[in-house]
Amino acid sequence: MGQIYIKDFVGVYHRNGNSPNHFVSTDTGYELILKTRLSSTNSMPPNYLLFKPKDSQKFEYFTSLWRKKDGIYKISDTQKPTGYGFCTIDLFTIEIIAL
């Protein structure tokens, strides 16, 4: 896995009709899948995102979702400690905002 920058993922992702956990952005060219772990810890919260790079057929790990309040999650990239952002999730969209 290469370096991941939240700024590359900023935008709104709309639910794909094929799956309730599959979201697509025509602006960024990325696809996201919302996943849930069977067991979680403080460093590995229950929900996380996978992404599919633009020229790939395989999904890769993007970020864990640390819940802040209903529908709002803190996310991070590979550039810690500066690579943080927020993600809002509702029934139809995921929106990623960089800090």
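**Notebook: burial, fold and salt bridges**

I began with burial in this predicted model: 36% of the 99 residues of the chain count as buried.

I then looked up the secondary structure. The chain holds nine strands and zero helices, so I recorded the order from the N terminus as β-β-β-β-β-β-β-β-β. I noted a radius of gyration of 13 Å, close to the 13 Å of the globule rule for 99 residues, so the chain is as compact as a globular protein of that length. Along the principal axes, I found that the C-alpha atoms fill a box of roughly 30 × 25 × 25 Å.

I turned to contacts between residues at least 6 apart in sequence; 32% of them join residues at least 24 apart. For the accessible surface I noted about 6200 Å², with 52% belonging to carbon and sulfur atoms.

Next came the charges. I recorded 12 positive and 9 negative charges, whose mean positions lie 8 Å apart. My search of the whole structure gave three salt bridges.

I entered Lys 7 with Asp 8 at 3.4 Å between the closest N and O atoms. Lys 7 is exposed at 58% relative accessible area, whereas Asp 8 is partly exposed at 33%.

I entered Glu 31 with Lys 52 at 3.5 Å, N to O. Glu 31 belongs to strand E3 (residues 31-36) and Lys 52 to strand E4 (residues 47-52), so this pair ties together parts 21 residues apart in sequence. Lys 52 is buried, its relative accessible area being 13%.

I entered Asp 70 with Arg 67 at 2.2 Å, N to O. Asp 70 counts as exposed at 66% relative accessibility, and Arg 67 is exposed at 53%.

Terms used: Residues are numbered from 1 along each chain as its sequence is written. This is a predicted model: local features need pLDDT of at least 70, side-chain atom pairs count only at pLDDT 80 or more; totals for chains, interfaces and linings use all residues. Side-chain values use heavy atoms; hydrogens and water are left out. Helices (H or I, at least four residues) and strands (E, at least two) are DSSP runs, numbered from the N terminus. The radius of gyration is taken over C-alpha atoms; the globule rule is 2.2 Å times the number of residues to the power 0.38. Buried means under 20% relative accessible area, exposed over 50%, partly exposed in between (1.4 Å probe, protein chains only). Contact means heavy atoms within 4.5 Å. Accessible areas come from the Shrake-Rupley method with a 1.4 Å probe; for residues, only the protein chains shown count as cover. Lys and Arg count as positive and Asp and Glu as negative; His and the chain ends are not counted. The place of a charge is taken as NZ of Lys, CZ of Arg, CG of Asp or CD of Glu. A salt bridge is a side-chain nitrogen of Lys or Arg within 4 Å of a carboxyl oxygen of Asp or Glu.
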